[in-house]
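The exercises below take one region of the protein at a time, and each is followed by a solution worked in steps. Please look at the structure before reading the solutions.

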Amino acid sequence: MAAVTASHFVSHINGGATSVDTKTNLAQIGLRNQTVTHSGLRSVNKIDISGKVTLKSSRCTVSKNEKDKPSGTIICGVGMSVVLVSTEVAPWCKTGGLGDVLGGLPPALAALGHRVMTVCPRYDQYKDAWDTNVLVEIQVGDKIETVRFFHCYKRGVDRVFVDHPWFLEKVWGKTKSKLYGPKAGTDYEDNQLRFSLLCQAAIEATRVLNLDCSKYFSGPYGEDVVFIANDWHTALLPCYLKSMYQTRGLYMNAKVVFCIHNIAYQGRFKFSDFSLLNLPDQYKSSFDFIDGYDKPVKGRKINWMKAGILETNRLVTVSPYYAQELISSPAKGVECDTYIRSVGLCGITNGMDVQEWNPATDKYISYHYDITTVMDAKPLLKEALQAEVGFPVNRNIPVIGFIGRLEEQKGSDILVAAISRFIGMDVQIIILGTGKKKFERQIQQLEELYPEKARGVAKFNVPLAHLITAGADFMLIPSRFEPCGLIQLHAMRYGTIPICSSTGGLVDTVKEGYTGFQMGDFNIECETVDPADVLKIATAVGRALMVYGSVAFTEMIRNCMSQDFSWKGPAKKWESLLLSLGVSGGESEVDGEEIAPLAKENVATP
Ligand SMILES: Nc1ncnc2c1ncn2[C@@H]1O[C@H](COP(=O)(O)OP(=O)(O)O[C@H]2O[C@H](CO)[C@@H](O)[C@H](O)[C@H]2O)[C@@H](O)[C@H]1O
Ligand SMILES: OC[C@H]1O[C@H](O[C@H]2[C@H](O)[C@@H](O)[C@@H](O[C@H]3[C@H](O)[C@@H](O)[C@@H](O)O[C@@H]3CO)O[C@@H]2CO)[C@H](O)[C@@H](O)[C@@H]1O
């Protein structure tokens, strides 16, 4: 950790070091009462000689009358301080569903009366995020790095961006899929340093940023916070909280929830890299890991995900069925099943962003609809989609869509193998995805094989994703594994029937014959395409096409669209889980809508 600066001033709070740097801490005293000129930010924190920030998050008191307001009324200012840390936060930075969750869950938690911040890297010059002029010095490896915080306040949430060349210079100007490496499947060599920096910066952000955008909360978040760390990139957060802060009497009441969005990515590195992490030796055993693979080195390794699992206060994943799968076997738990079983795991199904994905208002589609008009609008949208990708335009031909990262997980290779089995029927299929080059080539070749019937678009294309979701009749989701999956939620909201493999959140959210078609579970072996799975896809597509156009089909569309997949329900479950940790501010009992209309947003002019 740790040195704070305001404006042009840099000083140490004494981070990973074991002794207090008196000289620099004395310098900090001079920081008191300096003002940061940023809309929504107030004066700089008061930091005492021990490095303790004494200006605490102040909550506006809520009068009894206000507390008595009926359900649906927003009463803020009494809730928990929740800080979500992630490498992706939509719409600013996203390669997939992780970004979506960090975009949608925080506003829903804020609507329940909690003070909510997200912290992610500043990969680009986001036009709506302001420079706070607050700098912090952080020890990463054997160097001191200076980060700067940018900030905006949107939909009731403080969005904080960590500015450092390791994020901005690596990614700026490149496509959104370059957050983790120069190309899919290849990581930046310094990812461990990048994410160590992110974790430390996130802890610092809560006490050094004097945020004042909400009329319900002011001052820094302080130390009585609950962090939600997401995936392996943030697994060091609980370790740093304990080793760098709690040993020095800081953040004594803070808690960490670690959320697994995808166990497939664990952050396994060579064992000697432990020395890069600025952690005491006693943490080595939490990272220590041996597997049978050669990558990135043979034999003994460190495993960030394992440490996150073992060092967190509470472990969560993104659906109940995936939670069961993770502890069911080494294969499904990707060799972390034993550790997960030892600490326990809770599954909360994701919600979806019902503002971005709303067929009644979607800015990417030219005909808007709801459950009462869906049968009129969808044929028009299908024709728009067919025209967009260059298919013969015919509203009577059933159209199947696929959207996803082209990784083994998503099963695009199994789908490609299955196409010849059903393409002879009256059907068209559109596949949208980016990822591994071999899979991109596979989908691009489809057009040559089936010019009037199949398309593969190897682009990250949000407008096309929306048009496919609205215009297709069916959405194919042939995942080998799927922690939750958002594609099927988006599809159902748009009256597009999912045809999915029976794994993870797909089991929890799609009901066979009622809201979709279940294909059974697939072989999770990623190196091969199992002929049995190819057959499962062909058979399920056949079943779906039999139903297409029938009364039962219309009924399924209505069943899909009648459901509430908003973040409201999941946020309530998250709230209960956070409350059970006993962090302060747990007294809030609010059942509110999003507080966007009440939020004082600091939107920058482009
Ligand atoms: N080419 C493209 N163009 C435009 N948009 C594209 C796109 N490819 C993907 N997307 C978008 O990315 C998101 C993908 O959502 P998923 O739930 O499938 O996430 P993913 O597997 O990445 O995330 C992981 O985390 C999430 C969140 O927890 C879990 O739901 C999931 O199971 C887990 O694997 C959707 O919003 C989709 O529209
Ligand atoms: O939101 C989409 C997913 O984003 C994250 O996954 C990324 C992962 O965490 C990164 O490590 C990287 O994965 C690469 C991996 O490191 C590398 O060894 C090789 O196996 O290729 C992988 C893919 O390039 O990129 C992933 C995104 O593509 C997040 O962790 C997931 O939960 C999200 O599903």
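**Exercise 1.** Work out where the second largest pocket lies with respect to domain 1 and domain 2, and describe its lining.

*Solution.* The model is a predicted one. As a first step, take the two domains: domain 1 (81–351) and domain 2 (373–563) both contribute residues to the lining of the second largest pocket, and therefore this pocket lies between them.

Next, consider its volume, which is about 660 Å³. Of the 23 residues that line the second largest pocket, those closest to its centre are Ala90, Pro91, Arg155, Asp353 and Glu356. The elements that supply two or more residues to this lining are helix H3 (97–110) and helix H14 (462–471), and the largest share, three residues, comes from H3.

Finally, sort the lining of the second largest pocket by residue class, which gives 12 charged, seven nonpolar and four polar residues.

**Exercise 2.** Identify which residues are closest to ligand 2, and determine how much of the ligand's area the protein buries.

*Solution.* Begin with the shell: ligand 2 is surrounded by 17 residues, and the closest of these are Glu88, Gly185, Asp187, Asp231 and His233. By class, the shell around ligand 2 consists of seven polar, five nonpolar and five charged residues.

Then examine individual atom pairs, keeping side chain and backbone apart. A polar side-chain atom of Asp187 lies 2.7 Å from an oxygen atom of ligand 2, and a polar side-chain atom of Glu88 lies 2.9 Å from an oxygen atom of this ligand. With Leu98, by contrast, the atom concerned is a backbone N or O atom, which lies 3.2 Å from an oxygen atom of ligand 2.

The last step concerns area: ligand 2 taken alone exposes 620 Å², and 83% of that is buried by the protein.

**Exercise 3.** State how many cavities of 30 Å³ or more are counted, and describe what lines the second largest cavity.

*Solution.* The count comes to four cavities of 30 Å³ or more, and the second largest cavity has a volume of about 60 Å³.

To describe its walls, list the residues that line the second largest cavity, namely Phe402, Ile403, Lys410, Leu476, Ile477, Pro478, Ser479, Glu482 and Ile487. Strand S19 (399–403) and strand S22 (474–477) are the elements that give two or more residues to this lining.

Sorting the lining of the second largest cavity by class then yields six nonpolar residues, one polar residue and two charged residues.

Technical notes
Residues are numbered from 1 along each chain as its sequence is written. Chains are lettered from A and ligands numbered from 1 in the order in which they are written. This is a predicted model: local features need pLDDT of at least 70, side-chain atom pairs count only at pLDDT 80 or more; totals for chains, interfaces and linings use all residues. Side-chain values use heavy atoms; hydrogens and water are left out. On a 1 Å grid over the protein atoms alone, a cavity is a set of points where a 1.4 Å probe fits but cannot get out, and a pocket is an open set with protein on both sides within 12 Å along at least five of seven lines; lining residues have an atom within 4 Å of a point. Grid points are joined across faces, edges and corners, and a volume is the space filled by probe spheres set on the points. Helices (H or I, at least four residues) and strands (E, at least two) are DSSP runs, numbered from the N terminus. Ala, Val, Leu, Ile, Met, Phe, Trp, Tyr, Cys and Pro count as nonpolar, Asp, Glu, Lys and Arg as charged, and the others, Gly among them, as polar. Domain bounds come from an automatic or database domain assignment. A residue is near a molecule or strand if one of its heavy atoms lies within 4 Å of it. A polar contact is a pair of N or O atoms within 3.5 Å; within protein, one must be able to donate a hydrogen and the other to accept it, and residues adjacent in sequence count only if both atoms are side-chain atoms. Accessible areas come from the Shrake-Rupley method with a 1.4 Å probe; for residues, only the protein chains shown count as cover.
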